[in-house]
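Student: Please give me a close look at one part of this model, the place where its first segment packs against the rest. I should then like to see what surrounds that region.

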Amino acid sequence: MHAALYISKTGLAAQDVKLATISNNLSNAATVGYKRDHVNFEDLLYQIQRQPGGQSSQDTQLPSGLQVGTGVRVVATQKQFTGGSLQVTEQGLDMAISNRGFFQIQLPNGETAYTRNGEFHLNNNGDIVNASGYLFQPNITIPENASNITISTDGVVSANVFGQAAPQQLGDIQLADFVNPAGLQSLGGNLFIATASSGDAQTGTPGLNGLGEIIQGSLENSNVDVVEEMVNMITTQRAYEMNSKVVSTADQMLQFISQNL
């Protein structure tokens, strides 16, 4: 069977994965805190028919040899943690991070997850939670008779409590950061968990040691560039068509042989 058939098959499969990734990026173009995925390709093993640098005679060497590739594969999809634009909402529990850092969320199993989505709410106990009802970490409880919740750029949460003349401090927000954020594992729901590749979370006060400041009343939009994704979609489609053409050409060559020999 013609080797080009199998090589082009790997190209079709790789472009399928890239198109699925582009589709996911576009579908999350309006998702708060979403970070786009980028697909990384690598070529497959080579068939070495003549070794580069091999002896062509006693005193001469092959300048390049003969190496035939066997195709391509998707080796990784990488999150790109560039910042998204900020959207002002004027909601007291909406928060955005101006630079590096993640909010910490406690999962039902007790594990800590991380997110850039700053849409937070209150549960029936007055605890700050995300849209799925998972507790914000460190846990901060807003009293029932509190008003005018204020969150400073360095994470101090305060509010006016009925019966108290001065605003009361209710807690401090700590952000987490990683040596390699791209190594985080995506859980869905705008959540990530740490892995051996990302390294352990390093927590600290917002605005210090490279961590971003907290901007209250704003949300970070998705960093998906719709125009860029559309261009990527076009190039992916053309690459898919060219690989399909290779399959068709190899089939015609085999057809010619079968009909004329």
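Tutor: Residues are taken to be in contact when their heavy atoms lie within 4.5 Å. The model is a predicted one. With that criterion, the buried residues of helix α1 pack against β1 (37–43), β4 (72–79) and α2.

Helix α1 covers residues 3–27, and at 1.5 Å a residue its 25 residues should span 36 Å; the C-alpha atoms at its ends are 37 Å apart, so the two values agree. Its buried residues are A4, L5, S8, T10, G11, L12, A14, Q15, T21, I22 and N25. An α-helix has 3.6 residues a turn, so positions three or four places apart point the same way.

The contact with the other helix can be followed from T236, which is found in helix α2 (residues 226–260). T236 counts as buried because its relative accessible area is 2%, and the limit for burial is under 20%. Beyond its sequence neighbours up to four places away, T236 touches Q15, K18, L19 and I22. Of these, Q15 and I22 are also among the buried residues of α1.

From this packing we may turn to the pockets. The largest has a volume of about 220 Å³. Its lining comprises 16 residues, with F81, N99, R100, G101 and R116 nearest the centre, and by class it holds six nonpolar, five polar and five charged residues. The second largest pocket encloses about 160 Å³. Of its 16 lining residues, Y34, K79, G188, N190 and F192 lie nearest its centre. This lining divides into three nonpolar, nine polar and four charged residues, and β16 (185–188) and β17 (191–193) each contribute at least two residues to it.

Those two strands deserve attention. The loop between β16 and β17 holds N190, whose phi is positive, at about 65°, although N190 is not a glycine. N190 counts as partly exposed because its relative accessibility is 24%. In strand β16 itself lies L187, likewise partly exposed, at 41% relative accessibility. Apart from neighbours within four places in sequence, L187 is in contact with L107 and I193. L187 and Q104 are 83 residues apart along the chain, and their C-alpha atoms are separated by 14 Å.

Aromatic rings provide a further connection between the pockets. F81, F102, Y114, F178 and F192 are linked by ring pairs into a cluster; F81 is one of the residues nearest the centre of the largest pocket, while F192 is one of those nearest the centre of the second largest. The whole structure contains eight aromatic pairs. One of them is formed by F120 and F136, edge-to-face, at 4.9 Å centre to centre and 85° between the planes. This pair joins distant parts of the chain, 16 residues apart: F120 lies in the loop between β8 (112–115) and β9 (121–122), and F136 in strand β11 (residues 135–137). Both F120 and F136 are buried.

Following β11, the peptide bond from Q137 to P138 is cis, with omega near -5°; P138 belongs to the loop between β11 and β12 (146–151). Most residues other than glycine have a negative phi, and most peptide bonds are trans. A positive phi of about 55° also occurs at N209, again not a glycine. N209 sits in the loop between β18 (202–204) and β19 (214–216) and is exposed, at 82% relative accessible area.

Technical notes:
Residues are numbered from 1 along each chain as its sequence is written. This is a predicted model: local features need pLDDT of at least 70, side-chain atom pairs count only at pLDDT 80 or more; totals for chains, interfaces and linings use all residues. Side-chain values use heavy atoms; hydrogens and water are left out. Helices (H or I, at least four residues) and strands (E, at least two) are DSSP runs, numbered from the N terminus. Buried means under 20% relative accessible area, exposed over 50%, partly exposed in between (1.4 Å probe, protein chains only). On a 1 Å grid over the protein atoms alone, a cavity is a set of points where a 1.4 Å probe fits but cannot get out, and a pocket is an open set with protein on both sides within 12 Å along at least five of seven lines; lining residues have an atom within 4 Å of a point. Grid points are joined across faces, edges and corners, and a volume is the space filled by probe spheres set on the points. Ala, Val, Leu, Ile, Met, Phe, Trp, Tyr, Cys and Pro count as nonpolar, Asp, Glu, Lys and Arg as charged, and the others, Gly among them, as polar. The expected span of a helix is 1.5 Å times one less than its number of residues. Rings of Phe, Tyr and Trp (its six-membered ring) pair if their centres lie within 6.5 Å; planes under 30 degrees apart count as stacked, over 60 as edge-to-face and the rest as tilted.
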